[in-house]
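Please walk me through this protein fold, beginning with its sheet and moving on to the helices, the loops and the empty spaces between them.

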Amino acid sequence: MPDRPNAHLVARMQGHRLSIFAEMSTLAVETGAINLGQGFPDTDGPAEVTAAAIQAIRDGFNQYPPDRGIPELRRAVADHQARFYGQQVDPGDVMVSTGASEAIGAAIMALVEPGQEVVVFEPYFDLYAAVIELAGGVRRAVTLRTPDYSFDLDELEAVINPSTRLILVNTPHNPTGKVFSEAELAAIARLAITHDLLVVTDEVYEHMTYDGTRHIPLATLPGMAERTVTISSGGKSFGLTGWKVGWAHGPTELVNAVHTVKQHLSFTSGAPFQRAMVTALNLGDGYFTGLADDLCAKRDLVADGLRSVGLHVLPAQGTYYVTADVAPLGYDDGMDFCRDLPGRCGVVAIPNRVFYDDESSGRSIVRFAYCKQFEVLHEAVERLSRLTA
């Protein structure tokens, strides 16, 4: 037998063995803390959507659906893009996936050759680093700088070279809550066109923007539809993260390439949930505005609570995360703060440093998820007040 741990794990994946989400969620269970770490709601999605899934099961939609997704859902995704963004998408160029995560992984593995480089913005969702490694690609990070999480265009341009294959953009952005502005997206688009790069966008928080901020799909900018794979899902928008129904769309040849990989991963999944997601995407405008209003109020509640104990709260225009610098409480390392927090006041959060290549950039920054019921958030804020006791 091998005499070293994980001897059978490929070397490039050694750095991805442990998940910060698993560690902190386990800590929440062990201490009875309120989990504001992992991003999942504590209530079910719209009743008419869950009822549609139950009805689909009763109606016998329980076998393999088509590997690209049921036609009704592919059409609903296309209609959704036209409805909200004026974007014309051919349903034939929509591929349904087992959550956005599978679509992102399949896209990177389909479009990146070993040794080619992928530009990401840090802090980045940890999945991105893992799938780039799986593809044999090389990650190049451009830092979103506090206090407003903007990026330096010269820094972005400097990392692009002949080995660069694509840019991976997440907006609205996890873990910062940033929504990329039209000017920022235009700058990314200009570089992609100039250097003939592909772009993959992760837009799963697209309906969660606040304070008049708009989400703009990068593919809607001039010259970008032909080089962009757009990915989203229903998990976040409809509070149904366990259903794992996602989708990707873009130019035919790119979507075909992504599907070639995806069909050898899950092949297909979630037959009754796909049918219910058609109902979800066709909900009235009131649902989507109500979702944003509800989360905006929850963001303000948590942000005010964090400020009240002396933390420096950073701007969050979207998603359901808010970040704060914990240095004012004497912590120069957010990991230490997050490991102490459950014992000090019974709340769990996530240290942002694990989402950076340059950990010094986010060393003292911590992410809090506010996608919980108001009574849970009020209790969390009350518990956080113990930090000043």
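The paragraphs below take up the sheet, the helices, the loops and the empty spaces in turn. The model is a predicted one, and everything said here should be read with that in mind.

A convenient place to begin is the sheet, which is open, has seven strands in the order β2-β8-β7-β6-β5-β3-β4, and shows mixed pairing. Its edge strands are β2, covering residues 94-98, and β4, each of which pairs on one side only. From one strand to the next the twist averages 25 degrees. As general background, the strands of a sheet pair through backbone hydrogen bonds, and they may do so in either a parallel or an antiparallel way. At the β4 end of the order, β3 and β4 pair in the parallel sense, and six bridges make up this pairing. To follow the pairing at the level of residues, one can start from F121, whose bridge partner in β4 is V142.

Two helices can now be placed with respect to these strands. Helix α8, made of residues 252-262, lies across β2, β6, β7 (228-233) and β8 (245-249), and the angle at which α8 runs to β2 is about 25 degrees. Helix α5, made of residues 126-134, has L127, Y128, A129, A130, V131 and I132 as its buried residues. Which elements cover these buried residues of α5? The cover includes helix α4 (99-111) together with the strands β3 (117-122), β4 (138-143), β5 (164-170) and β6 (198-202). After α5 comes G136, a residue with a positive phi near 80 degrees.

The loop that leads from β3 to α5 holds P123, and the peptide bond that joins E122 to P123 is cis, with an omega of about 5 degrees. Another cis peptide bond runs from N174 to P175, where omega is near 20 degrees, and P175 is found in the loop between β5 and α7 (182-194).

Part of this region also borders an enclosed space. As a general point, empty space is revealed by rolling a probe the size of a water molecule over the atoms. In this model the count comes to one cavity of 30 Å³ or more, and the volume of the largest cavity is about 40 Å³. The residues that line the largest cavity are V120, F121, P123, Y124, Y128, L168, V169, N170 and H173. The elements that give two or more residues to this lining are β3 and β5, and the largest share, three residues, comes from β5. Sorted by class, the lining of the largest cavity has seven nonpolar and two polar residues, with no charged ones. Several names met earlier return in this list: the lining includes F121, P123 and Y128, of which F121 has V142 as its bridge partner in β4, P123 follows the cis bond from E122, and Y128 is one of the buried residues of α5.

A separate, open space is the second largest pocket, with a volume of about 350 Å³. Its lining is formed by 16 residues, and those that lie nearest its centre are F84, Y85, E206, H207 and T209. Helices α3 and α10 (285-308) each supply at least two residues of this lining, with α10 giving the largest share, which is five residues. By class, the lining of the second largest pocket has six nonpolar, six polar and four charged residues.

Helix α3, which covers residues 71-85, also contains H80. Is H80 buried or exposed? Its relative accessible area is 3%, under the 20% limit, and H80 is therefore counted as buried. Beyond its neighbours within four places in sequence, H80 is in contact with Y85, E206, H207 and L281. Three of these names, Y85, E206 and H207, are also among the residues nearest the centre of the second largest pocket.

Two further loop residues deserve a look for their backbone angles. D211, in the loop between β6 and β7, has a positive phi near 60 degrees, although D211 is a residue other than glycine. K244, in the loop between β7 and β8, is likewise not a glycine and has a positive phi of about 55 degrees. With a relative accessible area of 57%, D211 is exposed because this value is over 50%, whereas K244, at 36% relative accessibility, counts as partly exposed because its value falls between the 20% and 50% limits.

Key:
Residues are numbered from 1 along each chain as its sequence is written. This is a predicted model: local features need pLDDT of at least 70, side-chain atom pairs count only at pLDDT 80 or more; totals for chains, interfaces and linings use all residues. Side-chain values use heavy atoms; hydrogens and water are left out. Helices (H or I, at least four residues) and strands (E, at least two) are DSSP runs, numbered from the N terminus. Buried means under 20% relative accessible area, exposed over 50%, partly exposed in between (1.4 Å probe, protein chains only). Contact means heavy atoms within 4.5 Å. Two strands pair if DSSP finds at least two bridges between them. Axes are lines fitted to C-alpha atoms, for helices over the stretch in contact, and angles run from 0 to 180 degrees between N-to-C directions. On a 1 Å grid over the protein atoms alone, a cavity is a set of points where a 1.4 Å probe fits but cannot get out, and a pocket is an open set with protein on both sides within 12 Å along at least five of seven lines; lining residues have an atom within 4 Å of a point. Grid points are joined across faces, edges and corners, and a volume is the space filled by probe spheres set on the points. Ala, Val, Leu, Ile, Met, Phe, Trp, Tyr, Cys and Pro count as nonpolar, Asp, Glu, Lys and Arg as charged, and the others, Gly among them, as polar.
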